[in-house]
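Student: Hi, could you walk me through this one? I'm new to it and would like to start with how its charged residues pair up.

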Amino acid sequence: LIVPIGEWVMNEACRQLSEWQGEGYDKLYLAVNISPRQIQENVLENAIKNAFASHGIDNNSMIFEITENIFVDTHKERIIAHLSNDATVRIRLCLDDFGMGYSSLGALRRFSVEILKIDRSLIMNLDESSEDFALVGAIIAMAQALNIKVVAEGVETREQLDLVCTMGADFIQGYYFSKPVPAA
């Protein structure tokens, strides 16, 4: 059911974003996770085009989060490369859970990855683990050198916030600020 559920999620995200934009929040963008099972020839591209057209959303208003494990399947990798570089509606990409899977540094170059989300497991012990501190620092430095924005996921304490800000993370996500809340 992941393909029809994924299409429903994409449509709901576009509907909500359209509503917020109608209320004057036009500088927002929304991130939607894409399951590897959704990445099928023409299926994902058509779902994206339909959702954008149905709700009047342009491709700059939404970013799609994929995980590193997509890079172990050359067929899925080819589809994502097409959507991020050659499709009629190019998608914006965020590489989610970076650092915990099949980190393909070449993929950062092959695809138009705009954002890396550092996995929360690396942030969790950032203030206690010199290894995690070194890894997060290296990921941020690499991303900055490639002109890729960085999201630190899972920030839950002031100490973690201070560290990732000092290291140069562009965005922070985590319970330190808020747990997920309803759209309203």
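**Charged pairs and other features**

Tutor: Happy to. Glu 65 forms a salt bridge with Lys 117, and their closest N and O atoms are 3.0 Å apart. Keep in mind that this is a predicted model.

Student: Where do Glu 65 and Lys 117 lie?

Tutor: Glu 65 is in strand E2 (residues 62-67) and Lys 117 is in strand E4 (residues 113-118), so the salt bridge ties together parts that are 52 residues apart in sequence.

Student: Is Glu 65 buried or exposed?

Tutor: Glu 65 counts as buried, at 7% relative accessibility. Its partner Lys 117 counts as buried too, at 6%.

Student: How many salt bridges does the structure hold?

Tutor: There are 8 salt bridges in the structure. Some of them share partners, and in that way Glu 12, Arg 15 and Glu 19 are joined into one network.

Student: Let's look at that network. How far apart are the closest N and O atoms of Glu 19 and Arg 15?

Tutor: They are 3.1 Å apart, in a salt bridge between Glu 19 and Arg 15. Both residues belong to helix H1 (residues 2-22), where they sit 4 residues apart, about one turn of the helix.

Student: And are Glu 19 and Arg 15 buried or partly exposed?

Tutor: Glu 19 is partly exposed, with a relative accessible area of 38%. Arg 15 also counts as partly exposed, at 34%.

Student: Which residue forms a salt bridge with Glu 45?

Tutor: That would be Lys 49, with the closest N and O atoms 3.5 Å apart. Glu 45 and Lys 49 are separated by about one helical turn, because they are 4 residues apart in helix H2 (residues 43-55). Glu 45 counts as buried at 11% relative accessibility, whereas Lys 49 is partly exposed at 28%.

Student: Now a charged residue without a salt bridge. What's the story with Asp 132?

Tutor: Asp 132 is buried yet has no salt bridge. The nearest side chain of opposite charge belongs to Arg 120, and that is 11 Å away. A salt bridge needs the nitrogen and oxygen within 4 Å.

Student: Where is Asp 132 found, and what does Asp 132 touch?

Tutor: Asp 132 is part of helix H6 (residues 130-145). Leaving aside residues up to four places away in sequence, Asp 132 touches Ser 121, Leu 122, Asn 125 and Leu 126.

Student: Switching to cysteines: how many disulfides does a search of the whole structure find?

Tutor: The search finds 0 disulfides.

Student: Why is Cys 14 without a bond?

Tutor: The closest cysteine sulfur, in Cys 94, is 17 Å from the sulfur of Cys 14, so the two are too far apart for a bond. Cys 14 is also buried, with a relative accessible area of 0%.

Student: What about Cys 165?

Tutor: Cys 165 is in no disulfide either, and the nearest cysteine sulfur, again that of Cys 94, is 18 Å away. Cys 165 is partly exposed, with a relative accessible area of 44%.

Student: Last one: which residues form a nonpolar patch on the surface?

Tutor: The patch is made of Leu 1, Ile 2, Ile 5, Trp 8 and Val 9, which together have about 530 Å² of accessible area. Take Ile 5 as one of them: it is found in helix H1, and it is partly exposed, with a relative accessible area of 44%.

Key
Residues are numbered from 1 along each chain as its sequence is written. This is a predicted model: local features need pLDDT of at least 70, side-chain atom pairs count only at pLDDT 80 or more; totals for chains, interfaces and linings use all residues. Side-chain values use heavy atoms; hydrogens and water are left out. Helices (H or I, at least four residues) and strands (E, at least two) are DSSP runs, numbered from the N terminus. Buried means under 20% relative accessible area, exposed over 50%, partly exposed in between (1.4 Å probe, protein chains only). Lys and Arg count as positive and Asp and Glu as negative; His and the chain ends are not counted. Contact means heavy atoms within 4.5 Å. A disulfide is a pair of cysteine sulfur atoms within 2.5 Å. Patches are made of residues with over 30% relative accessible area and no salt bridge: like charges are joined within 9 Å, nonpolar side chains (Val, Leu, Ile, Met, Phe, Trp, Tyr) within 5 Å. Accessible areas come from the Shrake-Rupley method with a 1.4 Å probe; for residues, only the protein chains shown count as cover.
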